[in-house]
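Open the model in your viewer and keep the selection tool ready. This tour goes stop by stop, telling you what to select and what is there.

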Amino acid sequence: MGRLYLSLLLHGTSQSYQALDGLALNEEIEIVHKSFQLEPNEACHAGEDLNDLVAKRYGKSYEWGKAHNEQHTEMAAGFGLQLNLAAQTINNTILAHQATKFADTEGKKELMIERIYQATFEEGKDIGDKQTLLDLAGEIGLDAYKLSKAFEEKTYINAAHSDITEAMTKGINGIPFYLINGNIPVYGLHKVDALKAILQQASEQS
C-alpha cells in the first residue's frame, strides 16, 4: 500500500486529491495528514499588519514584507489557491491540530482541514482561538461540545505533538511537504500534473 503523508494546513492538500483522481495505480493510496508547526512558540498577533510582522521577523523593511506576501499570494494563485494574507490572523496553531485529530475520529478529517484552511487563509479567522474552532467544527456537522471537552482534557495534544516530533526527527522544516511510501520526500508546492507524475513514478518503484 502506498502512503502519502500530508501536514495539516498543507497548501497543496486539494492538489493531492486532484492528483490522485484518475490515476491508474496498482495499489491503494492511503493519505495520512500529519500535524506540523512552523513556529511552535507562536503568540497571537490579532490585529497586527502581516506585512510589518513578516518584515520584523526577517529583519527587513515594511516594503520587503509587503512584497514578500504579495509574491506568495501570486504564487498560490498560480496553483489555483486563494490567499488573503492582508486579513490573516497569525496565532499558535496547536488547538487547530487538536481539532483536526478530533475530526479524524469522527470521520470528518478532510472537511475540517479544508474548513480551517479556508478560515485562516481566505477569511482571516483566528484558528488559534478556541471558540472559532468550535464554530468551524459546528459548521461541518461536528459536535462542538465534544470538541470543547477534548480541548479541556487535552485529549489529542499528545497525538499532535507526536506528529510534530516525528517531523523534527525526519528533518522536515517547512511545508508543503509530502512523504510517499515512507521514503520519498517531496518538498514545496507542485501543480496537479507534476504530483501525478511523482505518484505514478512512486507506484512503479514500489
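**Stop 1: a pair of helices.** The model is predicted. Select helix H4, residues 94–105, and helix H5, residues 109–122. Their axes lie 7 Å apart, and the helices pack at an angle of about 155°. Angles over 145 degrees count as roughly antiparallel. H4 and H5 are therefore roughly antiparallel to each other.

Now show the side chains at the contact. From H4, pick Ala 96, Ala 99, Thr 100, Ala 103 and Asp 104. From H5, pick Lys 109, Met 112, Ile 113 and Ile 116. What is the make-up of this contact between H4 and H5, in nonpolar, polar and charged residues? The residues divide into 6 nonpolar, 1 polar and 2 charged.

**Stop 2: a lysine in H4.** Stay on helix H4 and select Lys 101. Is Lys 101 buried or exposed? Its relative accessible area is 16%. Buried means under 20%, so Lys 101 counts as buried.

Next, add Asp 163 to the selection. The side chains of Lys 101 and Asp 163 make a polar contact, at 2.5 Å. Then bring up the other residues that Lys 101 touches, leaving aside those up to four places away in sequence: His 33, Ser 35, Tyr 156, Ala 159 and Ala 160.

**Stop 3: the cores.** Select Met 112, Ile 116, Leu 133, Leu 142, Leu 147 and Phe 151. They belong to the largest nonpolar core, which has 19 residues, and they touch the most other members. Which helices each supply at least two residues of this core? H4, H5, helix H6 (130–139) and helix H7 (144–153) do. The largest share, 5 residues, comes from H4.

Another core lies apart from this one and holds 10 residues. To find it, select Val 54, Leu 83, Leu 85 and Tyr 117, which are among its members.

**Stop 4: helix H2.** Move to helix H2, residues 50–58. Color Leu 50, Asn 51, Leu 53, Val 54 and Ala 55, which are buried. Val 54 was also in your last selection, as a member of the 10-residue core. Add helix H3 (62–78) to the view: the buried residues of H2 pack against H3.

Finish at the two ends of H2. At the N-terminal end, Asp 49 is the cap. One of its side-chain oxygens lies 2.8 Å from the backbone nitrogen of Asn 51. After H2 comes Gly 59. The phi of Gly 59 is positive, near 70°.

Methods. Residues numbered from 1 in each chain as written. Predicted model: local features only at pLDDT ≥ 70, side-chain atom pairs only at ≥ 80, totals over all residues. Heavy atoms only, no water. Axes fitted to C-alpha atoms, helices over the stretch in contact; angles between N-to-C directions. Helix = DSSP H or I, 4+ residues; strand = E, 2+ residues; numbered from the N terminus. Parallel < 35°, antiparallel > 145°, perpendicular 65-115°, else oblique. Contact = heavy atoms within 4.5 Å. Nonpolar A, V, L, I, M, F, W, Y, C, P; charged D, E, K, R; others polar. Buried < 20%, exposed > 50% of the residue type's maximum accessible area, 1.4 Å probe, protein only. Polar contact = N/O pair within 3.5 Å; in protein donor to acceptor, adjacent residues only side chain to side chain. Core = buried A, V, L, I, M, F, W, Y, C linked by side-chain atoms within 4.5 Å.
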